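Reader: I would like a close look at a single strand of this model and at what surrounds it. Please take me through its side chains, its partners and its turns, and then outward to the core.

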Amino acid sequence: MALRVPGDLKAAAARAAAFRAATSRPGTAEAPGRGTGQAGRGKPGPEGPESSRGPKEPRGSKGSRGSKGSRGSRGGDADSGARTAAGSEATGTPADPEHTMALRVPEVPPEPVKPIEPRTGPRRKPSEPSPLRKAVSARLEPVLEGIGPLARRMRPRYPRPGRSGWRRWLPSWRQWLGGFATAFAVIASLLGIAYANTEIPENLNTYATQQDNVYFWSDGTPMARTGWVQRQEMPLKDIPAQVRWAVLAAENESFYSDPGISVSGIGRALWRTVGQGDTQGGSTITQQYVKNVYLSQDRSVGRKLTEAMIAIKLDQQMSKDQILEGYLNTSWFGRGTYGIQRAAQAYYGKEVNELNVSEAAFLASLLKGAGLFDPSLSDANHDRAVERWSWILDRMVKTGKLSPEQRAKYKKFPEPLKQSQVYDTGHQSDYLVELATQYAKKTANISDKDFDLGGYQIYTTFDRTREDELTEAVTKARKEAKAKDPDQAKTAHYGAASIADDGRILAVYGGPDHRKQGFNESNATTVPAGSAFLPFVYAAGLEHGVTKERDGSPVPVGPDSVYDGDDDVPVTTPEGPYWDRSGKKVAGHNDGGKSWGDISLHKALANSVNTPFMQLGMDTGLVNVRQTAQAAGLLSSSMGPQVPQLSLGSSTPSAIRMASAYATFDAEGSHTEPYSVRRITRNGTKVALKTPGAHRAVKSEVAGQVTEALQESFQTQHPGAAPATAGVAGKGGSNDKDTASWYVGTHRSVSTAVVVYRMDLTKSLEPLPLKGLAGSSGSVPYGIWSSAMSPLG
């Protein structure tokens, strides 16, 4: 019974036979049929290998394909398969398929291979390479032939043969070398491209074209100009060699030999910029000059790379002397100065060719950052300046530009001038400019360096008419004091300020001459307010009430509340008398030791009786007194110790702050911080500036009651000076040591404060007794005040 084979299986069998025939080795016997072949895989019998393999049959015979059943005969079954084959050959007849179950696969002729038809039509000729391509190929061919074997050796093979463990994954030294070489080539190519595409700008930036700053009066007319607008270019030949070598020792000692850049310095700057968010110094003088005159001052990687590219080109186009000359004439030295000539004038008041090597070393230290090394700014700056000055001189010795003998001559630091002479004109406007500049920088967040570049238009709140009147009044008082007692007049000081109720500073008197006295007397916090402080105690009592018993509730007080006005009345607390540290009872004293008996708070303020307010301060709480004074406008830094004397004016406010605080009462209890600048522009563009807003300091009722008492005080002390209907309010102030005399008052929404005191600035900041300088009963400060506030009608 023959087993029929499907057609697709027949075709597969035919292809398998063809494959075996194609892969058989020449000279060897044809592989036996599948049946005998399977049997032959068992162990050979006694007949040997030939008997197990069976005789060779012609290719294509049916018997050569073997029997199906013999495929599973392994080992012992191979003998029966061999006997079957032998029996068949002996009889000469093929085995019966029904008995052998042989798979009869008919021969299938191979499919004919279809020949590939030739392509018809014209065949396109390959394009001829261009001459350039031929030339490049000819050049690169020998190079590629040489690189080919090296590239094959450099080709990474991972894991590496002949290595074990983690070393199998490490590149070889050739691969490392190739990687570094490739990276270097790429970086060099990029730098070359950047260098080729970088051009030296034709126009200088604003750092090389500094402008002046213009200040305007409140009416819009120009008040002053500041800044070193007339930049004085100094030829290198006029700058002493010792000045040049001091700068080179400080900034770039290899200047005359380097290519214009410092690779290590650029590396540090890039590392700091990328890794820590800022940049670090280390630039050559050429790079700094490029930054000064061509680039912006932003701190970025891009700016640093552009700076390096321009520096290299500039080093090739300009001589070293030309670069150094430009650098010395454009660098910032602080105090509003650009260039070594202006710096010499600002710090030492001399020309650059008059500097000695010690002074030159200090000026060179400023190039690292004038804000950190100007000794006049702080003690820390002074210490840094001395250290760097000494280092620069030692550096000059090391570079051979200063002998050890010469260095030994400069052991003392050359102290520069204390004050900058940027806007010293001798006029009172110098103090106004200083005040406005400080306010503008702080409020508009303008750095010293940017401000010194100029270009700002600063519109101030100063009223020219009021400024002239105030200055004239103080000048007159000064002349009278000098004529009366010249020696005493040398130590006399006059501070004055006029402020509007809305906070605008209208006028100040800062001193006789800014060139001789740099500090502003109107803004100085050096002398006590004395009895001019009493209105704040009165306002605190009206605002917060008083507490007579411990843990008791505050009890309201009013203008008619009565206190003991006698002299030398002990101050009491809920527990009893107040004792000082020496074990004595604390008591208040009135001017002239006068006793007033029981007196209302309104009358006590109108007549400047001290003792009621000393007790009122204890009753309402010194904390409340302090808070009320500060809310009205006094600075916390000027407040006196929190002891009973606080109520009698131990605080040391400035004239500006006293005028501002009294303006709070005139403005019905609303306070606005004093300000001197109302608008800022830079080259026509508005600069952000926040104007102070008003806030409630005390209740309007309280402010009205304080103002009424001050109006009566003015009428009582100066009857007939102004009609009662004019609403003039004011009060004088003095202290028991007679070291200061005040007058503060308001009229027509303007508050003016005047203080007269003595102080020998050559010895100490301790106030001296007035000895009649302020006149009788404070007539001098009142005279200045009335002249500045006239007409009072």
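Author: In this predicted model, the residues of strand β19 point in two directions, with A740, W742, V744 and T746 going one way and S741, Y743, G745 and H747 going the other way, and all of them are buried. Because eight of the eight residues of β19, which spans residues 740-747, are buried, the strand is largely enclosed by the rest of the structure.

The pairing of β19 can be followed strand by strand. Strand β18, made of residues 729-734, pairs with β19 in the antiparallel sense over six bridges, and within this pairing G733 has W742 as its bridge partner. The hairpin of β18 and β19 has five residues between the strands, and there D738 takes a positive phi near 55°. Strand β20, residues 750-758, is also antiparallel to β19 and is joined to it by eight bridges; here W742 stands opposite V755. The hairpin of β19 and β20 has two residues between the strands, and R748 takes a positive phi near 50° in it.

From the strand one can move to the core by way of M658, which touches W742 and V744 of β19 and, apart from these, A529, A532, F536, L634, P653 and A753, when residues up to four places away in sequence are not counted. M658 is itself one of the residues with the most contacts inside the largest nonpolar core, a set of 78 residues in which F533, F536 and F613 are named alongside it. A second core, separate from that one, has 54 residues, including Y294, A311, I392 and F413.

For comparison with the pairing around β19, there is an open sheet elsewhere, in which five strands follow the order β2-β1-β5-β15-β16 with mixed pairing. Its edge strands are β2 and β16, each of which pairs on one side only. At one edge, β1 (residues 213-216) and β2 (residues 222-226) pair in the antiparallel sense over four bridges, with A224 as the bridge partner of Y215, and in their hairpin, with five residues between the strands, G220 takes a positive phi near 90°. At the other edge, β15 (residues 677-682) and β16 pair in the antiparallel sense over two bridges, and R682 has T685 as its bridge partner.

Note on methods
Residues are numbered from 1 along each chain as its sequence is written. This is a predicted model: local features need pLDDT of at least 70, side-chain atom pairs count only at pLDDT 80 or more; totals for chains, interfaces and linings use all residues. Side-chain values use heavy atoms; hydrogens and water are left out. A nonpolar core is a set of buried Ala, Val, Leu, Ile, Met, Phe, Trp, Tyr and Cys residues joined through side-chain atoms within 4.5 Å. Buried means under 20% relative accessible area, exposed over 50%, partly exposed in between (1.4 Å probe, protein chains only). Contact means heavy atoms within 4.5 Å. Two strands pair if DSSP finds at least two bridges between them.
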